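Work through the exercises below with the sequence and the coordinates open. Each task is followed by a solution in steps.

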Amino acid sequence: MAIAALLAAALALTAALLVFSAYQYRRQVIAEAENRSIAIARVLEEHAAKTLGIHASTLSHMEWMVDDLGWERIDGSPLLYERLRAMASQTPEVQSYWVFDESGRVRASSFEWPMRPLNAADREYFRTHLTPDDRIHIGPRLSGKIVREIFFTLSRRMEFPDHSFQGVAQISLLPSYFAGFYRSVLHGSHDVILLMREDGEVLVRNPLNAPDDRVDIGRFPELIAARDTNGVFRAVTPFDGVERVIARRKVPDLPVYVVYGTDVASIETAWRDRVLPYVLTAIPALGLLSLLGGIALRRSRQAADAQEALRRANEALEDRIAERTRHLDQALADKEVLLRDIHHRVKNNLQVILSLLELQAQRTPELEAPFSEALTRINTMGLIHEQIYRSTGVSAVRLDSFIEALAGHLTSFHSRPGRTIEIRHHVEPLSLDLNRVVPFALILNEVVSNAYKHAFAGRGTGTIDISVTEKGGSLYLAIEDDGTGSPEPEDGGSPGRRSMGMDLVRAFARQIGGEYHFTRGVGTRFELIFPQDGDSA
C-alpha cells in the first residue's frame, strides 16, 4: 500500500509540475511579448517625435522666411523657392514645402517656380488654421493636385504682427518613408505598426495589405480610446480581424499616436514551441515511472526477505557514503571559492577593458572638429533630459542648478591646454516650464559656444558671465564676455545665408516669445527677454 501511494503521489506531482511549468512559461512568453511591444512603441514614439518635431520647428523657420521676404519678393523672385527646394532635397521624408496666403492661394513651394495657379482653401489643413490657434496640425492622407502621390501634412498658422491671419506654412510628408523605417523594426511577420491621428485616422500602416496609392487606409478611434493596463491592451484590429497585444504611445506635443501590435497567435505558437520539449520529455518519464512502480510492487516481497541483510550492508555503506560526502563537501567549498575569485577577476578585467577603450576614443580626434557644434547641442539636450529626470513629479526645471551643470559641461567641452576660460553665473532661484526650457537652453548654448570660439582669439584667459533675473513677469538672460569681441551675429554672409547658430537663436527666441540683441564694447553682451509664463509652442 505504501509503494502504491508513493507511486500515485509521484505521478500526480510530476503532472502538476508539468502543468505549473506550462502555466509559468505562458505568463513569461506573454510578458516578453508585452515588454517587447512597449519597447518597440517607445522607439517608434522617439522616431516620430524627432522627425515630426524637427519639421514642426521648420514650419516656424518658414514663417520667418516669409516675414523676412514679404509677398512681393516671394512672387517676383525664386529666392524662397530655391531655399525650400534645397531643404526638401536634404530630407528624404519630405515630398514638398508649401506656403499659402490668407485666401488659400499658393505663393511659394519647393515644387516649381513660377508657381502655377493653385488654391488649397478646400483642404482640411487650411480650413483648420482659419481659427486662431498656434498648435501644429497633422492632416490626413491626401493625393496631390499636381503629382498624384500620397502624402500627409504638417502645417502651422502664420500671423501678421497684429495676430491676424497671414496664411499657412505646410510640409507634405511621405508615408513611404515611415513605412520603410517601420519595416526595419517589425519583430514578427504578423505584427503591425500604425501611425494615427488623435481622431483615429491612420496615416501610415505597415504592413499595408492595400495598394500604395490608396488614400483611405482606415480610421479606428477605438484603438485610441481603448484603456490600457501597464501600457498594453488586447484588441482585434479592425482592418484584418486579428487579435493582438497592442502598445500605444502618444507623441509629445503633437496630435499623433504610434501603435505596435503583436499577433496573439504568434505568442501562442512561441509558448507551444517552448513547452513542447518539456512535454515530450515528461510523457516518457511518466511512463517510465509507472513501469518502475509496477516492478517495485512485484518485488516488494522479495525486498522484505532481503531487508535484514540489506540493513547490515547499508550500515557499512552509510559509513563509506558519509566519508565520501565529507570529501565532496570540501571539494564543493573549494570550487565555490574558486568561482567567486574567477568572477571577481572577470569583473576587474572588464573594467580595465572599458578604461582602455575610453582612452583609445580620446586619442582619435579626427571627428571632433566637424561635429563639435552638433555635439554641444546634443549634450545640452542630454543635460536637459537629465535635469528633467531629476525633477520627476514637477512641471518645471530649476534654472540655477541647470545652468550650473551646463556651465560645467561647456567649460569641460571647450577646455584646451594653455587656455583658461571661466564661466561665472548668477541665476536667481527661478523655474521654467519643460516646453520652454529646451529653446532657452539651446539659445544659451549657442551664445556661450560662440563666445568660446570667437571672443578669446589669441588669448589664454577670459571670463564669461551669465545672469538670469526676473522682473515684472519676464525673465532677463544676459551673457557677457571680456574678450576681443565675437563676430557680428548677422554677418554670416549675404542676406539669406546667416549662420545656422544665429538662425537657431532667432527661431528659438521667436518660439518662446522673446526679443534679443547683441552689444559690442570691450567684449560682447547678449541680452534676451521673454515672458516667464505662457504658452510658447
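The exercises go from the whole chain to its sheets, its empty spaces and two single residues.

The coordinates are those of a predicted model.

**Exercise 1. The chain as a whole**

Task: State how many helices and strands the chain has, and what percentage of its residues is buried.

Solution.
- Step 1. Counting the elements gives 12 helices and 18 strands.
- Step 2. The chain has 537 residues, and 39% of them are buried. The cut-off for buried is a relative accessible area under 20%.
- Step 3. The contacts can then be sorted by distance in sequence. Of those between residues at least 6 apart, 63% join residues at least 24 apart.

**Exercise 2. The sheet that contains S7 to S11**

Task: Give the strand order of the open sheet with antiparallel pairing, name its edge strands, and find which helices lie on it.

Solution.
- Step 1. The order of the 5 strands is S8-S7-S11-S10-S9, and their pairing is antiparallel.
- Step 2. Strand S8 (202–206) and strand S9 (232–237) form the edges, as each pairs on one side only.
- Step 3. From one strand to the next, the twist averages 25°.
- Step 4. Inside the sheet, strand S10 (residues 242–250) and strand S11 (residues 256–263) run antiparallel and are joined by 7 bridges. At one place on this pair, Tyr257 in S11 stands opposite Lys250.
- Step 5. Helix H6 (residues 264–298) packs on the sheet and touches S9, S10 and S11. The direction of H6 makes about 40° with that of S11.
- Step 6. Helix H1 (residues 2–76) lies across strand S7 (192–197), S9, S10 and S11. The angle between H1 and S11 is about 150°.

**Exercise 3. The sheet with mixed pairing**

Task: Give the strand order of the open sheet with mixed pairing, and explain why one side of S13 and one side of S17 have no neighbour in the sheet.

Solution.
- Step 1. The 5 strands are arranged in the order S13-S15-S16-S18-S17.
- Step 2. Strand S13 (420–427) and strand S17 (515–520) stand at the edges; each has a single partner strand, so one side of each lacks a neighbour in the sheet.
- Step 3. The twist from one strand to the next averages 10°.
- Step 4. Strand S16 (residues 474–481) runs antiparallel to S18, with 7 bridges between them. One residue to check is Tyr476, whose bridge partner in S18 is Ile529.
- Step 5. Helix H12 (residues 500–511) lies across S17 and S18, at about 140° to S17.

**Exercise 4. A cavity and a pocket**

Task: Describe the lining of the largest cavity and that of the second largest pocket.

Rolling a probe the size of a water molecule over the atoms reveals the empty space that is left.

Solution.
- Step 1. The structure has 1 cavity of 30 Å³ or more. The volume of the largest cavity is about 80 Å³.
- Step 2. It is lined by 11 residues, of which Val447, Ala451, Asp481, Phe518 and Thr524 are the closest to its centre.
- Step 3. Helix H11 (434–454) and S16 each supply at least two residues of this lining. The largest share, 4 residues, comes from H11.
- Step 4. By class, the cavity lining has 5 nonpolar, 3 polar and 3 charged residues.
- Step 5. The second largest pocket has a volume of about 360 Å³. Among its 16 lining residues, the closest to the centre are Arg135, Ile136, His137, Glu198 and Pro255.
- Step 6. Helix H3 (124–128) and strand S3 (137–138) each give at least two residues to the pocket lining.
- Step 7. The pocket lining divides into 4 nonpolar, 4 polar and 8 charged residues.

**Exercise 5. Two residues**

Task: Decide for Gln532 and for Pro429 whether each counts as buried or exposed.

Solution.
- Step 1. Gln532 lies in the segment after strand S18 (524–531).
- Step 2. The relative accessible area of Gln532 is 16%. The limit for buried is under 20%, so Gln532 is buried.
- Step 3. Beyond its neighbours within four places in sequence, Gln532 is in contact with residues including Leu430, Asp433, Arg436, Glu470 and Leu475.
- Step 4. Pro429 is in the loop between S13 and strand S14 (431–433).
- Step 5. Exposed means over 50%; Pro429 has 62% relative accessibility and therefore counts as exposed.
- Step 6. Not counting residues up to four places away in sequence, Pro429 touches Arg398 and Asp400. Pro429 and Asp400 are 29 residues apart in sequence, with a C-alpha to C-alpha separation of 5.8 Å.

Terms used:
Residues numbered from 1 in each chain as written. Predicted model: local features only at pLDDT ≥ 70, side-chain atom pairs only at ≥ 80, totals over all residues. Heavy atoms only, no water. 1 Å grid on protein atoms, 1.4 Å probe; cavity = no way out; pocket = protein on both sides within 12 Å on 5 of 7 lines; lining within 4 Å. Points joined across faces, edges and corners; volume = space filled by probe spheres on them. Nonpolar A, V, L, I, M, F, W, Y, C, P; charged D, E, K, R; others polar. Buried < 20%, exposed > 50% of the residue type's maximum accessible area, 1.4 Å probe, protein only. Contact = heavy atoms within 4.5 Å. Pairing = 2+ DSSP bridges. Axes fitted to C-alpha atoms, helices over the stretch in contact; angles between N-to-C directions.
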